[in-house]
Amino acid sequence: MSKSKIEICAFCNKQKSDVNILITGNTGNICDTCVSQANSIVKEEQAQIKQKIVKKDLELFKPIEIKSYLDQYIIGQDKAKKILSVAVYNHYKRILFSQQNKNDLELDKSNILVIGETGTGKTLFARSIAKMLNVPFCIVDATSMTEAGYVGEDVESLLTRLLQSADYDVENAEKGIVFIDEIDKIARKSDNPSITRDVSGEGVQQALLKLMEGAVVNVPPQGGRKHPDQKYIQINTNNILFICGGAFSGIDSIINNRIGKLALGFSRRKKSIKKSNVLQYVLPQDVRRFGIIPELLGRLPILTHLDPLNKKVLLQILLEPKNSLIKQYQKLFEMDGVKLSIDTNVYELIVDCAYDFKLGARGLRSICEKLFLDALYTIPNNNKKKKIFKIDLEYAKNILKEIEFNKFQEAS
């Protein structure tokens, strides 16, 4: 055996004099540094294997447990929570049942349609459920999709995002949740089938039928449009839960017309439903009249709505959830060694401004970003930091006076 083989590490080629320990084997040597690195690689690979096993083992939560979890992040919307909790429980119970009883009765999949104004929590519902179940989750904007063969994203590319969130584990992706946002924006333009090609509206609805019902779909790994030379990954969508959400602006008049009431605001003599209560009467035929084709509605048998947010609910959203906005900002200040102190009446000012924006919970974040901007800009650069940063009503009004001025201008 030559001297070079005895005194040199086979992995890093360092000589024995350059390392602490050189372990000698029958056909080669390895130094202590390479042993340490190899040990780290082994531990990392074992952790990834364990993580994949955990992902594939689906845990079934009962409806009460799902609702209890949602209560930590979402204020109000109790009816929607119950409907979604039961729907999600039945969906994943169906998956486990079909795995254990392959020759038994087949249970059909029930996808979900959620109607609610912007900022009422449609996306948060889907994201929270996916987080609890520890399943892959992705959000897709329906307006970005077009019918196959036209400029834009093919409908199948939404599964690419789900596949990416599952780290390209096909088996795990096939148990995931896809949230299709702005589903109302692909409504067809009239109640009658189009004569001309509607490639970003009715065409997308038609393309979604196969995916939602359950089929083996060829998915481009990198997304985008399909082309003949591209390699595909096959995904079975039979166990993927599709949750569709949209504001459906204007559907309230369709509901009022159906139940024989006058449009809101025309007469005080005849009883009409308040705008905040209209969505509770929504039926599939109202959604069909809005422009969602009957075939797609058939794949969305579970229909629920989210109530508009009043000032009381907005105040609760600002303060109470596990990850409320105020708690998030307090944490941001805490990271800079500063305690954030806010007067109670400032919360009411934030809610009043956000309510006038008519953006739901999203309006709260816009107001908070403006309110805390100056402090978050100056505090990290201030060597003489105060241990407490206090925001009182006078300070808040001074910061938000531009919003108040704009509101006054609109009113006048």
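**Figure 1. Gln-77 and the residues it touches in the predicted model**. Leaving aside residues up to four places away in sequence, Gln-77 touches Thr-120, Phe-125, Leu-306, Asp-307 and Leu-309. Gln-77 is placed in a loop. That loop runs between helix α3 (63–71) and helix α4 (78–100). Is Gln-77 buried or exposed? Its relative accessibility is 8%, so Gln-77 counts as buried.

**Figure 2. The largest pocket and its lining**. This pocket has a volume of about 840 Å³. Its lining is made of 31 residues. Nearest the centre lie Gly-119, Gly-121, Leu-124, Ala-361 and Arg-362. Which elements give two or more residues to the lining? They are α5 (122–133), α13 (325–335) and α15 (361–378). Helix α5 supplies the largest share, with six residues. Sorted by class, the lining holds twelve nonpolar, eleven polar and eight charged residues.

**Figure 3. Ile-235 in strand β7**. Strand β7 spans residues 233–236, and Ile-235 lies within it. With a relative accessible area of 1%, Ile-235 is buried. Which residues does Ile-235 touch, not counting those up to four places away in sequence? The list starts with Leu-159, Leu-163, Val-170 and Glu-174. It also includes Ala-215, Val-216, Val-217 and Val-219, together with Ile-240. One of these contacts, Val-217, sits 18 residues from Ile-235 along the chain. The C-alpha atoms of Ile-235 and Val-217 are separated by 5.3 Å.

**Figure 4. Helix α9 and its cover**. Helix α9 covers residues 251–258. Which of its residues are buried? They are Ile-251, Ile-254, Ile-255 and Asn-256. In an α-helix there are 3.6 residues a turn, so residues three or four places apart point the same way. The cover over the buried residues of α9 includes strand β3 (112–115) and helix α10 (284–290). After α9 comes Gly-260. The phi of Gly-260 is positive, near 80°.

**Figure 5. Cys-31 and Cys-34, two cysteines in no disulfide**. How many disulfides does the model have? The count comes to zero. For Cys-31, the nearest cysteine sulfur is that of Cys-34, 3.5 Å away. For Cys-34, the nearest cysteine sulfur is in turn that of Cys-31. Why is this pair not counted as a disulfide? A disulfide needs the two sulfur atoms within 2.5 Å, and these are 3.5 Å apart, so the pair does not qualify. Both cysteines are buried. Cys-31 has 0% relative accessibility, while the relative accessible area of Cys-34 is 11%.

**Figure 6. The protein chain as a whole, as a setting for the close-ups**. The chain has 412 residues, and 40% of them count as buried. Its secondary structure comes to 17 helices and eleven strands. How do contacts with a separation of 6 or more divide along the chain? Residues 24 or more positions apart account for 69% of them. The accessible surface comes to about 23800 Å². Carbon and sulfur atoms own 50% of that surface.

Note on methods: Residues are numbered from 1 along each chain as its sequence is written. This is a predicted model: local features need pLDDT of at least 70, side-chain atom pairs count only at pLDDT 80 or more; totals for chains, interfaces and linings use all residues. Side-chain values use heavy atoms; hydrogens and water are left out. Helices (H or I, at least four residues) and strands (E, at least two) are DSSP runs, numbered from the N terminus. Buried means under 20% relative accessible area, exposed over 50%, partly exposed in between (1.4 Å probe, protein chains only). Contact means heavy atoms within 4.5 Å. Accessible areas come from the Shrake-Rupley method with a 1.4 Å probe; for residues, only the protein chains shown count as cover. On a 1 Å grid over the protein atoms alone, a cavity is a set of points where a 1.4 Å probe fits but cannot get out, and a pocket is an open set with protein on both sides within 12 Å along at least five of seven lines; lining residues have an atom within 4 Å of a point. Grid points are joined across faces, edges and corners, and a volume is the space filled by probe spheres set on the points. Ala, Val, Leu, Ile, Met, Phe, Trp, Tyr, Cys and Pro count as nonpolar, Asp, Glu, Lys and Arg as charged, and the others, Gly among them, as polar.
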